[in-house]
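I opened this notebook to keep track of what I looked up, entry by entry, with the sequence and the structure side by side. Each entry begins with a topic and ends when I had what I was looking for.

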Amino acid sequence: MSAARGGTTSVPGADLLAALLDGMDAALCAFDADGTVTHWNKEAERILGWSAGEAVGRRGFEGWAARPADAAEALTRLMAAMDAPGRLVHEFALVRKDGGRVLVRTQSAGVRGADGKGAGVYCAFSEVHAQIDLERSIALSEALFEDASWGVVLVDVDLRPAVVNGYAARAMGAGRTTLLGRPLGEVVAQGLEELESALEHVLAEGAPKAPAEVWVTLRTPDGERRRCWRSGFVRLASPLAEEPVPLGVGWLFQDVTEDRLAEQEADRLRFRYSQLHRAGAVAAECEDPREAATVLLDFALAGFADHALVDIAAGERRLVRVATTPAGEPGPVVPVAGGGIPLRYPSGHPVHQALSRTGPVRASATAAAGSQAAEDWATERLWPRDAVHALCLPLRSRGRTVGAVTFLRSASRTPFERPDAVFAEAIAVRVAASLDLAALCAGAGTGTGTGVSPS
């Protein structure tokens, strides 16, 4: 191998070769078949302090770049690569020009001449701690994309996934390769704007100081699923460019949906039973038991339902509306003016079902029905036209059914669920007691016509 540094040769391409070697990020040196240094680049000079002029032409490292006790062994191990297949990896303690020692890791391979015989060895080396840092970075990347217990997604500058780990793929309900290069909108039905806004902010301004929680609705084969992802973001920039060039965003997230739903449910329960406590305190100060019943409903409606209807028993399977909320807009529960005319609930009405079962009954308009069909559904049941979801409960006191209460929600709210029915039962017990007391105060509490037969 001809000398590319430190000599006077004018071999065509020698200057180009020297420039290529000096531009490499790795330290590189080469030896001929006798172990004489033929190449020595700038990175090797930076690590050990010896210039190309001082290194090229020396045999091995003895007397300059290694201690006498180590020099022969180092050269022997390096030159062994000339006859070995592939690359050999070694670690050596070399000596810097200033006398300090540095541990380097080398990768050496043989160089073949035109006749196919060994003509020398080239050796790339770096400081061990730098190599270990690189290996740690690679190992971390591999672990994140294989074994991490949180989602990791690399998003390119077009906001499309470039790499997706197993956790993230499962969280999104798709395969790892299925998501690559596809718009996030293909899997995120709602919450996409917030997510893309966060990614664009990271690309433009850098990572936020704290994780953010993003609620999204995912499209899955089993329908839509609403999830909460606690997300952290980091901007990725090329380390090879003179100025940072954004490569995309590293997005790390965990699915915290169950925790957030549990917190929301706990907050909802605390609020509801706080309202019940306050309602009980206010109702206790009411002289009129019927006023106490409406006070209880007013407190209960907050955050729970849009409307409340109260019907009392007026004989065998007959009910009379005595209190209701305004039909056109939200408002307090007020007594019905006049009254006394029994309600003509159609057969199979949810109120009748609740009385028959002596328990709560939930009902909702058909989800696929249009707005007019939903209005007709409510009108047929003698409810306000905006009612879409209903919860009917019997009012029981002293072992008798004294009436029924109906809670209604509009289309902007979710259907009533089992926890809602449990809370409504706690309300109904208190309302029933107040209405029963009102009947007693009116002198009709023991009459035979003040109850409704459950059959």
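**Entry 1: two hairpins**

I began with strands S3 and S4, which form a hairpin with five residues between them, and in that turn I noted Gly99, whose phi is positive at about 95°. The model is a predicted one, and I kept that in mind for every entry below. Strand S3 covers residues 88-95 and strand S4 covers residues 101-112, and I found them paired in the antiparallel sense over eight bridges. To fix one point of this pairing, I looked up Val95 and saw that its bridge partner in S4 is Arg101.

I then followed the chain onward from S4 to strand S5, residues 118-127, which runs antiparallel to S4 and is joined to it by nine bridges. These two strands also form a hairpin with five residues between them, and here the turn holds Gly116, with a positive phi of about 85°. Along this pairing, Ser108 stands opposite Cys123 in S5.

**Entry 2: cysteines**

How many disulfides does a search of the whole structure find? The search finds zero. I reminded myself that a disulfide is a covalent bond between the sulfur atoms of two cysteines, and then I checked two cysteines to see why no bond was counted. For Cys29 the closest cysteine sulfur is that of Cys123, and because the distance is 4.4 Å, the two are too far apart for a bond; the cut-off I needed here is 2.5 Å. For Cys441 the closest cysteine sulfur belongs to Cys286, at 13 Å, which is also too far for a bond. I also wrote down the surroundings of both: Cys29 is buried, with a relative accessible area of 0%, whereas Cys441 is exposed, with a relative accessible area of 58%.

**Entry 3: Asn165**

I looked up Asn165 in the loop between strand S7 (161-164) and helix H6 (166-172). Is Asn165 buried or exposed? Its relative accessibility is 1%, so it counts as buried, the limit being under 20%. Leaving aside neighbours within four places in sequence, I listed the residues in contact with Asn165, among them Leu144, Phe145, Trp150 and Arg176. One of these contacts I looked at more carefully: the side chain of Asn165 reaches the backbone oxygen of Trp150 at 3.0 Å. I also took the separation of the C-alpha atoms of Asn165 and Leu236, which are 71 residues apart along the chain, and noted 17 Å.

**Entry 4: a sheet and the helix on it**

Next I traced an open sheet of six strands, whose order is S14-S13-S12-S17-S16-S15, with antiparallel pairing. Strand S14 (334-335) and strand S15 stand at the edges, and each has a single partner strand, so one side of each is left without a neighbour in the sheet. Within the sheet, S16 and S17 pair in the antiparallel sense over nine bridges, and I noted that the bridge partner of Leu393 in S17 is Val405. Helix H10 packs on this sheet, touching S13, S15, S16 and S17, and its direction makes about 40° with that of S16.

I then asked myself which residues of H10, residues 350-357, are buried. They are Pro350, Val351, His352, Ala354 and Leu355.

**Entry 5: positive phi outside glycine**

Most residues other than glycine have a negative phi, and I therefore wrote down two that depart from this. Thr358, which follows H10, lies in the loop between H10 and S15, has a phi near 55° and is partly exposed, with a relative accessible area of 38%. Leu382 lies in the loop between helix H11 (371-380) and S16, has a phi near 65° and is partly exposed as well, with a relative accessible area of 35%.

**Entry 6: nonpolar cores**

Last, I looked up the largest nonpolar core, which has 36 residues, and found that Leu395 and Phe407 have the most contacts inside it. Several elements each supply at least two residues of this core, including helix H8 (257-283), helix H9 (289-301), S16 and S17. Helix H12 gives the most, with nine residues. Apart from this core lies another, of 30 residues, among them Leu48, Leu75, Ala81 and Val121.

Key:
Residues numbered from 1 in each chain as written. Predicted model: local features only at pLDDT ≥ 70, side-chain atom pairs only at ≥ 80, totals over all residues. Heavy atoms only, no water. Buried < 20%, exposed > 50% of the residue type's maximum accessible area, 1.4 Å probe, protein only. Helix = DSSP H or I, 4+ residues; strand = E, 2+ residues; numbered from the N terminus. Contact = heavy atoms within 4.5 Å. Polar contact = N/O pair within 3.5 Å; in protein donor to acceptor, adjacent residues only side chain to side chain. Pairing = 2+ DSSP bridges. Core = buried A, V, L, I, M, F, W, Y, C linked by side-chain atoms within 4.5 Å. Axes fitted to C-alpha atoms, helices over the stretch in contact; angles between N-to-C directions.
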